[in-house]
Amino acid sequence: MKILELNTFAGAGSTGRIALDIALLGTQQGSDTIIGFGAGSVPPEAEVYALRIGGRAGRKWHGALRKLLDAEGYGSILATRRLIAFLKTWQPDVVHLHNIHGCYLNHRLLFRWLKKTGVPVVWTLHDCWPFTGHCAYFDYVACDRWQTACHHCPQLRSYPVCIGLDGSARNHRRRKALFTSLSNLTLVTPCEWLKGLLAHSFLRDVPARVIYNGVDRTVFYPRQSDLRAQHGITQPYLALCVASEWELRKGAALLPALAQALGADCKLAVIGLTQAQIAALPEGIVGLPRTASARELAKWYTAADCFINPTLEDNMPLVNLEALACGTPVAVFETGGCPECVTEACGAVAPKGDVPALAAAARKLCVRKAELQAACLAQAERFDSVAAARAYDALYREVRG
């Protein structure tokens, strides 16, 4: 079976790792998988699957269209034509879409080809972008225009950033026309929360199911280290926050208040910050840049007594699942799919934006980490990357018929 996956990244970042996990299992099952991607570098283990779509100049031109005209998916014409020419020869049995935003695909050309060929399409929604006119998430500004018709977008300056004309109304109409044109499309969401939103969107009539994101438990498991000593952490308790990019919707502005609310006996460490963000941190917070090493990250998860995710707008963050796989309890806001990853035996959920409540919940988890570790590891089994990849393999075979 030939599988084409399309994603912004191949093997890198959370969605890139998910695509790679699926490809690796596919190889074991005898499938031939290609990950078509448009941005970033490719880790060694993904090189055999990776097919770069377009080049730097094409992406920059596409990026200019997006930034000035809010035209994500309108560029990359030549790159998409070349991809389609290749696919006419390679003839995939299933096309699996992940993130198709990122200035590397022309959506009209792609969906016209998909409709013409009738190839079965699986689309994993890693965010809300496919059914909005611009944004990837709308919780932060409490916008519900996506349910009827987007216009006058309040998040034009959020990803995908546009500093020019507001194209949200045009984009919403165009996406509705394109994304509902396929008769052989199956949607997948990584949590029940996002699946519930689909019922209020223009994708409401497309078949959908939940396949939870998976974490590689051969990498993320309890790993002992001397990280506390290396960073001079002498407090009895350590709380950890991790994000690939700390922005407002991820709770970046809440970090100082969170550190203060945790108390003097609990050190807060934050991974994924820029150098400017590290320099601006108040005294008492351990600030660290993003790490490309999953093993180092697993050591930090293990060293922490509690993992805190202060995100205010999200889907099903892998960081929560990675922490559980390392035996560390998780405290989250009631945001997106975050509550679905924890139970009272391995974590806690606080009202969105209530920093004192989140800190209080985290402190209780810190004290109980030793007794909660087994429950954390058991919960992580529900989010195993191999199990998730097998679910996708079964879905491929189902839609192929």
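This report looks at the cysteines, helix 13 and asparagine 213 of a predicted model.

Residues are numbered from 1 along each chain as its sequence is written, and side-chain values use heavy atoms, without hydrogens and water. Because the model is predicted, local features need pLDDT of at least 70 and side-chain atom pairs pLDDT 80 or more, while totals for chains, interfaces and linings use all residues.

Let's start with the cysteines. With a disulfide taken as a pair of cysteine sulfur atoms within 2.5 Å, the count is zero. Two cysteines are set out here, with their relative accessible areas (buried means under 20%, exposed over 50%, partly exposed in between, with a 1.4 Å probe and protein chains only).

| Cysteine | Closest cysteine sulfur | Relative accessible area |
|---|---|---|
| Cysteine 326 | cysteine 376, 10 Å | 0%, buried |
| Cysteine 341 | cysteine 338, 6.1 Å | 0%, buried |

For cysteine 326, that distance is too far for a bond.

Next comes helix 13, residues 369-380 (helices are DSSP runs of H or I with at least four residues, strands of E with at least two, numbered from the N terminus). Its buried residues are Lys369, Leu372, Cys376, Gln379 and Ala380. They lie on the same side of helix 13 because they cover an arc of only 90 degrees around the axis, taken from the directions from the helix axis to the C-beta atoms. Ala370, Glu371 and Ala374 are exposed on the face turned away.

Finally, asparagine 213 sits in the loop between strand 7 (208-210) and helix 7 (227-230). Asparagine 213 is buried, at 9% relative accessible area. A polar atom of its side chain lies 3.0 Å from the backbone oxygen of methionine 316.

Technical notes: A polar contact is a pair of N or O atoms within 3.5 Å; within protein, one must be able to donate a hydrogen and the other to accept it, and residues adjacent in sequence count only if both atoms are side-chain atoms.
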